[in-house]
Amino acid sequence: MPDFKPPREPHEAKQYYLDYAPIGVQISGVDLKTKPSDDIIKYLEYQMAEHGFIVFKNQELTVEDQVRVSAYFGGKAIHSTHGVHPETPVDSETGQPHRDIFRLSNDENIGILGVGPQWHNDGSF
């Protein structure tokens, strides 16, 4: 296996670990409304791989921003086979429910029920 060194923490990203042990990290100091530098994206990819998920607090993101940011962690492959929830946000270009957004929940008013018996993520890779 090749020797891999994690990217240095860019000065724009200040990292704070949450109490989500053994997984999860909170990263602040990155404005996701605009595309971060390549160094920041590499740093975020590394943190996602190391911790399983990242929390970004206080971000005012549109649906399109959320889709763009999720693409930093993998390709845009359509994965859902569970249908479209009525509350799925609308794609501003097509006027249809956004095909890259899947809503799941334990509340049928918010998302589709019964998607996986435990929390998992197989859409960002």
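Which two side chains meet in a salt bridge of 3.7 Å, N to O? Lys35 and Asp38 do, and I come back to them in point 5. First, some notes in the order I'd look at things.

1. Overall layout. Keep in mind that this is a predicted model. The chain holds two helices and three strands, and from the N terminus on the order is β-β-α-β-α. There are 125 residues, of which 29% count as buried. If you take the contacts in the chain with a separation of 6 or more, 54% of them are between residues 24 or more positions apart. The exposed surface comes to about 9100 Å², with carbon and sulfur atoms supplying 51% of it.

2. Helix α1. This one runs over residues 38–51. Its 14 residues reach 20 Å from first C-alpha to last, close to the 20 Å expected at 1.5 Å a residue. Quite a list of its residues is buried: Ile40, Ile41, Tyr43, Leu44, Tyr46, Gln47, Met48 and His51. Have a look at the end of the helix too, where Gly52, just after α1, takes a positive phi of about 90°.

3. The nonpolar core. As background, nonpolar side chains tend to be buried together in soluble globular proteins. Here the largest nonpolar core has 13 residues. The members that touch the most others are Ile27, Val30, Leu44, Ile54, Val69, Tyr72 and Phe73. Both β2 (25–28) and α1 supply at least two residues each. Which element gives the largest share of this core? That is α1, with five residues. Leu44 is worth picking out when you open the structure: it is on the list of buried α1 residues and is also one of the core members with the most partners.

4. Asp65 and its partners. I'd spend some time on this residue. Asp65 sits in helix α2, which covers residues 63–70. Is Asp65 buried or exposed? It counts as buried, because its relative accessible area is 9% and the cut-off for buried is under 20%. Its side chain meets that of Lys33 in a salt bridge at 2.9 Å, N to O. Lys33 is in the loop between β2 and α1, so the pair ties together parts that are 32 residues apart in sequence. A second salt bridge goes from Asp65 to Arg68, at 3.2 Å, N to O. That one stays within α2, where the two residues are three apart, about one turn of the helix. Put together, Lys33, Asp65 and Arg68 form a network of salt bridges. Unlike buried Asp65, Lys33 is partly exposed at 39% relative accessibility, and Arg68 is partly exposed at 25%. Leaving aside neighbours within four places in sequence, the contacts of Asp65 are with Lys33 and Glu60.

5. The other salt bridge. A search of the whole structure turns up three salt bridges. Besides the Asp65 pairs with Lys33 and with Arg68, there is the one from my opening question, Lys35 with Asp38 at 3.7 Å, N to O. Both Lys35 and Asp38 are exposed, whereas the other two bridges share the buried Asp65.

6. A backbone oddity to check. Which residue has a positive phi although it is not a glycine? Asn58 does, with a phi of about 55°. Its place is in the loop between β3 (54–55) and α2. Asn58 is also exposed, with a relative accessible area of 78%.

7. Leu104, after the last helix. Leu104 lies in the segment after α2. Why does this leucine count as exposed? Its relative accessibility is 52%, and the cut-off is over 50%. Leaving aside neighbours within four places in sequence, Leu104 is in contact with Gly111, Ile112 and Val115. Leu104 and His85 are 19 residues apart in sequence, and their C-alpha atoms are 8.2 Å apart in space.

Terms used:
Residues are numbered from 1 along each chain as its sequence is written. This is a predicted model: local features need pLDDT of at least 70, side-chain atom pairs count only at pLDDT 80 or more; totals for chains, interfaces and linings use all residues. Side-chain values use heavy atoms; hydrogens and water are left out. Helices (H or I, at least four residues) and strands (E, at least two) are DSSP runs, numbered from the N terminus. Buried means under 20% relative accessible area, exposed over 50%, partly exposed in between (1.4 Å probe, protein chains only). Contact means heavy atoms within 4.5 Å. A nonpolar core is a set of buried Ala, Val, Leu, Ile, Met, Phe, Trp, Tyr and Cys residues joined through side-chain atoms within 4.5 Å. A salt bridge is a side-chain nitrogen of Lys or Arg within 4 Å of a carboxyl oxygen of Asp or Glu. Accessible areas come from the Shrake-Rupley method with a 1.4 Å probe; for residues, only the protein chains shown count as cover. The expected span of a helix is 1.5 Å times one less than its number of residues.
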